[in-house]
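This report describes a protein model with a bound ligand. It starts at the binding site and then turns to the overall fold.

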Amino acid sequence: MSKIAIMGAMPEEIEPLLEKVENIKKTEYGKNSYYEATYRGKNIVIAYSKIGKVFASLTATILIEKFGCDRLLFSGVAGAINPDLNIGDLIIADALCQHDLDITAFGHPHGFVPEGEVCIATDKSLRDIAKKVAEKNGLILKEGIIATGDQFVASTDRKDFISSTFQADALEMEGASVAVVCDALNVPFFVLRAISDSANDEAGMDFDAFLESSAKISAEFILNMVESIEP
Ligand code: ADE
């Protein structure tokens, strides 16, 4: 039977999952905790990576290579770029890019390194499942480009740069690194984020105020998706 990885970056992003799953077995590995569990008859492994691209790459790799996960769902919060996105809204990534990857000095576009690609697309069948879940539950699900970088963005200048360079709709600090790992290892993956702030001057305060509630919105949606994934 298949094993679904569900990862977040912060404890707040996986706690709502751990409250709902069954038969939890905790394993410490590589300075993180991994929770093997079941949900509605499906085998899952849950972990939070810690913030940023390096920790997220490590956790995604461990979920796949050590725990044998054959699909990966990321759940968490993001800063909004697209003005249509408000706090608590859900967005799924069509594709993800690294906004802080910069070797433009050598004539390459932002976000590109040789043998890589600027944007990595998520798995279409997982996106389709998400759309069906949204429809069934009367939820609005936006879809777009998510930009990732090792920066908490709290400036309209930086946000405008990311928007105009990558046409991104939301930004966060892990998704694109998970995309690189899953793409390299041929594991279908999916990234869902609920908006916690608008990456502007007030982002720090909004993030603190809405991290928990938005993380819960995302986690609950992910569990609905797990139910709909074929074993
Ligand atoms: N995740 C949620 N909000 C964010 C922001 N403003 N910058 C980076 N990552 C985020």
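Which polar backbone atom lies 2.8 Å from a nitrogen atom of the ligand? In this predicted model, that atom belongs to V153. Two other residues also place a polar atom by a ligand nitrogen: G79 through a backbone N or O atom, and D197 through its side chain. The distances are as follows.

| Residue | Protein atom | Ligand atom | Distance |
|---|---|---|---|
| G79 | backbone N or O | nitrogen | 3.3 Å |
| V153 | polar backbone atom | nitrogen | 2.8 Å |
| D197 | polar side-chain atom | nitrogen | 2.6 Å |

On its own, the ligand has 260 Å² of accessible area, and the protein covers 97% of this. The ligand sits in the largest pocket.

The shell around the ligand holds 13 residues, of which G79, F152, V153, L171 and D197 come nearest. By residue class, 8 members of the shell are nonpolar, 3 are polar and 2 are charged. Three strands supply at least two shell residues each: β5 (71–80), β9 (170–172) and β10 (189–197). Of the shell, β5 gives the largest share, with 3 residues.

As for the whole protein, the fold comprises 6 helices and 10 strands. The radius of gyration is 16 Å, close to the 17 Å expected from the globule rule for 231 residues, so the protein is as compact as a globular protein of that length. Measured out along the principal axes, the C-alpha trace spans about 50 × 35 × 30 Å.

Terms used: Residues are numbered from 1 along each chain as its sequence is written. This is a predicted model: local features need pLDDT of at least 70, side-chain atom pairs count only at pLDDT 80 or more; totals for chains, interfaces and linings use all residues. Side-chain values use heavy atoms; hydrogens and water are left out. A residue is near a molecule or strand if one of its heavy atoms lies within 4 Å of it. A polar contact is a pair of N or O atoms within 3.5 Å; within protein, one must be able to donate a hydrogen and the other to accept it, and residues adjacent in sequence count only if both atoms are side-chain atoms. Accessible areas come from the Shrake-Rupley method with a 1.4 Å probe; for residues, only the protein chains shown count as cover. On a 1 Å grid over the protein atoms alone, a cavity is a set of points where a 1.4 Å probe fits but cannot get out, and a pocket is an open set with protein on both sides within 12 Å along at least five of seven lines; lining residues have an atom within 4 Å of a point. A molecule sits in a cavity or pocket if more than half of its atoms lie within 2 Å of its grid points. Helices (H or I, at least four residues) and strands (E, at least two) are DSSP runs, numbered from the N terminus. Ala, Val, Leu, Ile, Met, Phe, Trp, Tyr, Cys and Pro count as nonpolar, Asp, Glu, Lys and Arg as charged, and the others, Gly among them, as polar. The radius of gyration is taken over C-alpha atoms; the globule rule is 2.2 Å times the number of residues to the power 0.38.
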